[in-house]
Amino acid sequence: MFLGGLSRNNVDSNAAYKDADGVILVYDITNRKSFDCMTLCLEELHRHAKKRQAIILIGNKSDSENDREVLRKEARGFAEKNGLIFWEISALEGTNFDNALKDLLTKLVDIKNNNTTNNTTNSNNTTTSTTTY
């Protein structure tokens, strides 16, 4: 379920993400406000959704490096702190989209098989801590 860009007024605790096994949080690397919203989105997920979900944070528009407002290091740190898979992609160019989905699906399988570990390294060579809520 896509939650990027939601505000407190339009996040419904009965929304479809409540029962989702996997969640994709997307922000625009050229739009600071879209990244700042990710904290609220994650809080809402933890408050209302399943206790064990595979969550991926995706920074879109990696093809727009010159217009970047959100540093990769900052977004990666946010993901690591919150136990999220992290990727930057370009929907326009199709860069890293397949890799991001592969990591999300791998995490979903791990959760379904109860094989989650405290630390995982995704194919983006980013180590993330898995948090079970």
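A residue counts as buried when its relative accessible area is under 20%. In this predicted model, phenylalanine 35 has a relative accessibility of 6%, so it is buried. Tyrosine 27, at 1%, falls under the cut-off and is therefore buried too. Both residues return below, once the sheet and its helices have been described.

The sheet is open and consists of 3 strands in the order β1-β2-β3, with parallel pairing. Its edge strands are β1 (22-28) and β3 (85-88), each of which pairs on one side only. From one strand to the next the twist averages 20 degrees.

Between β1 and β2 (residues 54-60), the parallel pairing runs over 7 bridges. Tyrosine 27 has glycine 59 of β2 opposite it.

Two helices pack on this sheet. Helix α1 (residues 32-48) touches β1 and β2, and its direction makes about 160 degrees with that of β1. Helix α2 (residues 72-81) touches β1, β2 and β3; its direction makes about 160 degrees with that of β3.

The aromatic side chains give 2 ring pairs. In one of them, the ring centres of tyrosine 27 and phenylalanine 35 lie 5.0 Å apart; the planes are at 70 degrees, which is over 60, so this pair is edge-to-face. Phenylalanine 35 also pairs with phenylalanine 78: the centres are 5.7 Å apart and the planes at 70 degrees, so this pair is edge-to-face. It joins distant parts of the chain, since phenylalanine 35 belongs to helix α1 and phenylalanine 78 to helix α2, 43 residues apart. Phenylalanine 78 is buried, as is phenylalanine 35. Through these ring pairs, Tyr27, Phe35 and Phe78 form a cluster.

Definitions and conventions:
Residues numbered from 1 in each chain as written. Predicted model: local features only at pLDDT ≥ 70, side-chain atom pairs only at ≥ 80, totals over all residues. Heavy atoms only, no water. Pairing = 2+ DSSP bridges. Helix = DSSP H or I, 4+ residues; strand = E, 2+ residues; numbered from the N terminus. Axes fitted to C-alpha atoms, helices over the stretch in contact; angles between N-to-C directions. Contact = heavy atoms within 4.5 Å. Phe/Tyr/Trp six-rings, centres within 6.5 Å; stacked < 30°, edge-to-face > 60°. Buried < 20%, exposed > 50% of the residue type's maximum accessible area, 1.4 Å probe, protein only.
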